[in-house]
Amino acid sequence: MTKFRLDIEYDYDFFLAGIACHEKDYRLCWAVNTALGLEMERCSPLEINLKKEEKPAVFTMYMYENMENDTACYIVNNRSDRGLLIPEQKQVDCFFVAKGPFGKQEEERMLLEIKNIPFVLTAFALIPGE
């Protein structure tokens, strides 16, 4: 019997960055809004069952959507009182996600602007699936 192997390459159409800072998420959101000229606002939190517990973990989230440019930006907290959203990224306090037709230069500019925020300890691009 012949065996077939299915290799799938995912095409991620978003930019993902990890941010480490000691400020509250709302302060980070304000600073990112100022640095990138966005208008992110707090939206419904992300609720995920990390374990078979009764209560889900709640991760605060901020969102900005621009329908004219077909872009959206999010800040998602990596920490909740029940654990980490992405346990492999323990050093990350928040994730910055930008969806839309962004090129490499625009992604690098966004990352540099976030790194230049005074209370951000570090920010780095993350490649999903690796």
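This report walks through the sheet, the two helices that go with it, the salt bridges and a couple of backbone oddities. Keep in mind that the model is predicted.

**The sheet**

Let's start with the strands. Six of them form an open sheet, and reading across gives the order 2-5-6-9-1-10, with antiparallel pairing. Strand 2 (41-42) and strand 10 sit at the edges, each pairing on one side only. Helix 2 packs on this sheet and touches strand 1, strand 9 and strand 10. The direction of helix 2 makes about 160 degrees with that of strand 10.

Strand 9 deserves a closer look. It is mostly covered, with five of its six residues buried. On one side, strand 9 pairs with strand 1 in the antiparallel sense over six bridges. If you want to find that pairing in the viewer, look for Phe15, which stands opposite Ala98 in strand 9, and for Phe14, whose bridge partner in strand 9 is Lys99. Strand 6 is also joined to strand 9 by six bridges, and these two strands run antiparallel. Here a handy landmark is Ile75, with Phe96 as its bridge partner in strand 9.

**Helix 1 and its buried side**

Which residues of helix 1 are buried? They are Asp25, Leu28, Cys29, Ala31, Val32, Asn33 and Leu36. And what do they pack against? The buried residues of helix 1 meet strand 1 (14-21), strand 5, strand 6, strand 9, helix 2 and strand 10 (120-126).

The length of helix 1 checks out too. With twelve residues at 1.5 Å a residue, helix 1 should span 16 Å, and its end C-alpha atoms are indeed 16 Å apart, so the two values agree. Helix 1 is followed by Gly37, which has a positive phi, near 70 degrees.

Asp25 is the odd one out for a chemist's eye. This residue lies in helix 1 (residues 25-36), and it is buried yet has no salt bridge. The nearest side chain of opposite charge belongs to Arg42, 5.4 Å away. A salt bridge here needs a nitrogen within 4 Å of a carboxyl oxygen, so a 5.4 Å gap doesn't make the cut. What does Asp25 touch, then, leaving aside its neighbours within four places in sequence? It is in contact with Thr60, Tyr62, Asn77 and Cys94.

**Salt bridges**

There are four salt bridges in the structure. Here are three of them, with the N to O distance for each.

| Acidic residue | Basic residue | N to O distance |
|---|---|---|
| Glu23 | Arg27 | 3.6 Å |
| Asp93 | Arg79 | 2.8 Å |
| Glu106 | Arg109 | 2.7 Å |

The bridge between Arg79 and Asp93 has 2.8 Å between its closest N and O atoms. This pair links distant parts of the chain: Arg79 is in strand 7 (residues 79-80), whereas Asp93 is in the loop between strand 8 (83-84) and strand 9 (94-99), 14 residues apart. Is each partner buried or partly exposed? Arg79 is partly exposed at 34% relative accessibility, while Asp93 counts as buried at 15%, because the cut-off for buried is under 20%.

Glu106 and Arg109 are a more local affair. They are three residues apart in helix 2 (residues 104-115), so about one helical turn separates them. Glu106 is partly exposed at 28% relative accessibility, and Arg109 is partly exposed at 33%.

As for Glu23 and Arg27, their side chains meet at 3.6 Å, N to O. Glu23 is partly exposed, with 33% relative accessibility, and Arg27 is partly exposed too, with a relative accessible area of 34%.

**A positive phi away from glycine**

One more backbone feature is worth a click. Most residues other than glycine have a negative phi. Asp70 goes the other way: it is not a glycine, yet its phi is positive, about 55 degrees. Where is Asp70? Its place is in the loop between strand 5 (61-66) and strand 6 (71-77). Asp70 is also exposed, at 61% relative accessibility.

Note on methods:
Residues numbered from 1 in each chain as written. Predicted model: local features only at pLDDT ≥ 70, side-chain atom pairs only at ≥ 80, totals over all residues. Heavy atoms only, no water. Buried < 20%, exposed > 50% of the residue type's maximum accessible area, 1.4 Å probe, protein only. Helix = DSSP H or I, 4+ residues; strand = E, 2+ residues; numbered from the N terminus. Lys, Arg positive; Asp, Glu negative; His and termini not counted. Contact = heavy atoms within 4.5 Å. Expected span 1.5 Å × (residues − 1). Pairing = 2+ DSSP bridges. Axes fitted to C-alpha atoms, helices over the stretch in contact; angles between N-to-C directions.
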